[in-house]
Protein chains: 2
Amino acid sequence: MLLQAANAVRGTVPATIRPAGSSSLLLTENQQWIGGPPPLMDKLTPRERELVLKQGRRKVLNRGQTLFSQGGKHDGIWLIESGRIRVFYISPLGREITLAYWHVGNFVGGPEVFEGTVHQWSGVASSNCSVVHLPGKELRVLAAEIPNLAIGLIEGLTFKGKCYSALAQMLGTRSISQRLAHLLLHLVELYGVKDSDGTVIAAAFTHADIAHMVGATRQWVTISLKRMQEKGIVVTKRSQIVVCQTETLEEMRGQAAD
Amino acid sequence: MLLQAANAVRGTVPATIRPAGSSSLLLTENQQWIGGPPPLMDKLTPRERELVLKQGRRKVLNRGQTLFSQGGKHDGIWLIESGRIRVFYISPLGREITLAYWHVGNFVGGPEVFEGTVHQWSGVASSNCSVVHLPGKELRVLAAEIPNLAIGLIEGLTFKGKCYSALAQMLGTRSISQRLAHLLLHLVELYGVKDSDGTVIAAAFTHADIAHMVGATRQWVTISLKRMQEKGIVVTKRSQIVVCQTETLEEMRGQAAD
DNA sequence: TCGCCGCTGTCGATTAGTTGCCGGGAAAAT
DNA sequence: ATTTTCCCGGCAACTAATCGACAGCGGCGA
């Protein structure tokens with residue numbers, strides 16, 4: 001199952017489609033967040049930044065490699081320099097939910113940032129990655145010394161809190177179909193490329209990937225997509241999805257505005 | 001619906017049952033969190049504490065009063081001094097999910113702590129409350145001046161992050177029945193009083209309240225409780241729940257340990 | 001003491017979503 | 001070039017959960 005997850009994004013997304021640092025959040029009600037998270041170290045002086053990075057250790061991951069695992073001992077955070085990391089959770093009975101695919105500019109390893117107890121989530125590289133590890137103890141000392149780093153951490157945590165909240169709210173109050181409609185619209189925003197008969201989602205997610213994102217079974221995703229195809233809302237061709245009627249999807253999503 | 005929510009906890013819980021500051025978290029996998037959140041101002045010197053509280057404004061709420069509403073403008077956080085505050089979210093179509101009932105020692109108003117954009121959740125007093133408001137702007141200045149306050153905020157946000165994560169994970173990977181079993185066990189921990197034929201949950205939650213906590217409909221809760229009663233797992237008598245077979249509930253919850 | 005309101009309990013109809021299975025086909029590995 | 005892997009697609013049976021509605025009960029306030 002982990003290996004499967006690792007293959008999450010197989011298609012190559014043209015770099016031009018989205019600016020670096022853009023949001024990775026999959027199920028959120030508020031479009032304004034798509035601007036992405038507040039950069040952790042933007043407010044630091046060059047000297048302070050150097051001081052922080054000196055404590056960090058660069059690490060390179062190949063697609064499929066695990067960065068951290070739920071239940072594993074927690075120590076600090078990782079800043080993403082390049083690549084994409086999928087953060088997800090697997091229940092004791094094997095059901096799986098994906099929180100997000102995080103890109104450059106985000107940090108992962110939360111919700112704790114210092115020496116914590118154990119990881120709440122797992123993180124796996126879904127493409128080749130480069131990350132910088134900031135160990136918890138050192139980070140705590142630095143945060144006490146550099147006020148702007150502490151503020152940056154608070155803002156980062158705040159952003160994460162919004163992500164977790166958004167996911168919980170979607171899962172708690174929307175049906176799976178609504179979540180699927182929501183996700184498709186979001187993927188159109190992130191990876192959409194205009195086409196003669198609609199918008200192509202230029203990233204190949206398998207039905208299983210999608211199922212994990214919306215919290216459903218693979219089969220249900222297949223069935224739902226088929227029904228959407230019958231209604232002419234989308235056209236699918238083996239993990240290639242073309243969205244034809246965004247308005248209908250917006251209706252199905254079932255919410256007032258955005 | 002808000003009024004209904006306000007009546008959430010009608011029974012009076014003897015003060016002896018749980019120590020002040022104990023956790024309010026409703027759906028969490030990890031028992032160790034029941035110790036509660038890290039106190040926001042524990043690490044401060046008396047002088048620093050005074051400095052912070054000088055910026056605060058005490059506010060008293062009656063049962064049913066709204067402290068903040070989702071979508072409303074955000075400004076800072078509230079420390080709970082006494083009483084209980086229910087934090088929840090209502091979707092555009094009216095479905096509702098409760099995050100938690102927060103007690104003394106916690107702060108509410110997150111996930112943002114400074115001047116934010118808008119509230120992600122709503123907060124309503126479910127019993128008479130006293131809170132201290134810390135406005136965002138002042139809090140930001142204080143956090144930059146007092147390192148230990150910043151660390152306290154980071155730890156507080158970390159704790160909240162765990163709560164949101166736990167809720168999302170439960171909602172994303174457990175069936176409603178599993179969540180209900182989970183909740184009942186948790187309520188036994190929080191409000192349980194030993195009895196001749198089991199453990200009485202000494203807090204009167206209506207079926208609707210419970211439904212909001214697990215993300216289900218009122219009827220489904222009624223049906224599920226009835227089935228549990230038929231199997232002898234619980235005995236219900238009009239919003240009074242007695243849990244007889246905790247082991248069976250633990251099985252139903254469907255997870256490996258604790 | 002009466003009347004009202006909110007909560008429980010229940011029913012029937014319906015849909016949404018799961019589980020398990022299998023076969024074919026594309027892509028990747030050897 | 002061949003094997004292996006894994007992904008889609010579909011099916012059948014089933015259960016979990018929703019929706020709307022309504023009657024009765026109990027508590028509370030007038």
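Helices here are DSSP runs (H or I) of at least four residues, numbered from the N terminus, so α7 is a helix label counted from that end of its chain. With that in hand, here are the close-up views, all drawn from a predicted model.

**Two copies turned about an axis.** How large a rotation superposes chain B on chain A? The answer is 180°, with 0.0 Å of shift along the axis and an RMSD of 0.1 Å. The two copies are therefore related as by a two-fold rotation axis. To find this axis in the picture, look for Ala168(B): its C-alpha is 2.0 Å away, the closest approach of any residue of chain B. Both copies use the same surface to meet, since 100% of the contact residues of chain B recur in chain A.

**Where chain A meets chain B.** Each chain brings 44 residues to this contact, 44 from chain B and 44 from chain A. The size of an interface is often given as the accessible area lost when the parts come together. Here that buried area is about 3600 Å², and carbon and sulfur atoms give 66% of it. Which three residues of chain B supply more of its buried area than any other three? They are Ile154(B), Gln169(B) and Thr173(B), which supply 16% of the area that chain B buries against chain A.

**Charged and polar partners across the interface.** Four salt bridges are counted between chain B and chain A. One of them pairs the side chains of Glu155(A) and Arg140(B), with N and O 2.5 Å apart. Across the same interface there are ten residue pairs in polar contact. On the side of chain B that touches chain A, β6 (96-102), α3 (136-145) and α4 (147-173) each supply at least two residues. Of the elements of chain B, α4(B) gives the most, with 18 residues. Sorted by class, this side of chain B has 22 nonpolar, 13 polar and nine charged residues.

**Glu155(A) and a second partner.** Stay with Glu155(A) for a moment, because this residue also forms a salt bridge within its own chain, with Lys43(A), where the closest N and O atoms are 3.2 Å apart. Glu155(A) sits in helix α4 (residues 147-173) of chain A, while Lys43(A) sits in the loop between α1 (2-6) and α2 (46-55), so the pair ties together parts that are 112 residues apart in sequence. Over all chains, the whole structure has nine salt bridges.

**The protein surface around DNA strand C.** Which residues are closest to DNA strand C? Of the 18 that surround this strand, the closest are Ile176(A), Ser177(A), Thr217(A), Trp220(A) and Arg218(B). Sugar and phosphate make up 55% of the strand C atoms that come within 4 Å of the protein. Ser177(A) places a polar side-chain atom 2.8 Å from a phosphate oxygen of the strand. In the side chain of Thr217(A), an N or O atom is 3.0 Å from a phosphate oxygen of strand C. Arg238(B) approaches a base instead: an N or O atom in its side chain is 3.4 Å from a base nitrogen of strand C. The elements giving two or more residues to this surface are α5 (176-191) and α7 (218-230) of chain A, together with α7 (218-230) of chain B. The most comes from α7(B), with four residues. By class, the surface near strand C has three nonpolar, ten polar and five charged residues.

**The protein surface around DNA strand D.** Around DNA strand D there are 19 residues, and Arg218(A), Ile176(B), Ser177(B), Thr217(B) and Trp220(B) come nearest. Sugar and phosphate account for 68% of the strand D atoms that come within 4 Å of the protein. Does Arg218(A) place its polar side-chain atom by a base or by a phosphate of this strand? The partner is a base nitrogen, 2.9 Å away. Ile176(B) takes part through its backbone, with a polar atom 2.8 Å from a phosphate oxygen of strand D. A polar side-chain atom of Ser177(B) also lies 2.8 Å from a phosphate oxygen of the strand. Two or more residues of this surface come from each of α7 of chain A, and α5 (176-191) and α7 of chain B. By class, the surface near strand D has three nonpolar, ten polar and six charged residues.

Key: Residues are numbered from 1 along each chain as its sequence is written. Chains are lettered from A and ligands numbered from 1 in the order in which they are written. This is a predicted model: local features need pLDDT of at least 70, side-chain atom pairs count only at pLDDT 80 or more; totals for chains, interfaces and linings use all residues. Side-chain values use heavy atoms; hydrogens and water are left out. Contact means heavy atoms within 4.5 Å. Buried area is the accessible area (1.4 Å probe) that two parts lose on being put together, summed over both. A polar contact is a pair of N or O atoms within 3.5 Å; within protein, one must be able to donate a hydrogen and the other to accept it, and residues adjacent in sequence count only if both atoms are side-chain atoms. Ala, Val, Leu, Ile, Met, Phe, Trp, Tyr, Cys and Pro count as nonpolar, Asp, Glu, Lys and Arg as charged, and the others, Gly among them, as polar. A residue is near a molecule or strand if one of its heavy atoms lies within 4 Å of it. Copies are superposed by least squares on the C-alpha atoms of residues with pLDDT of at least 70 in both.
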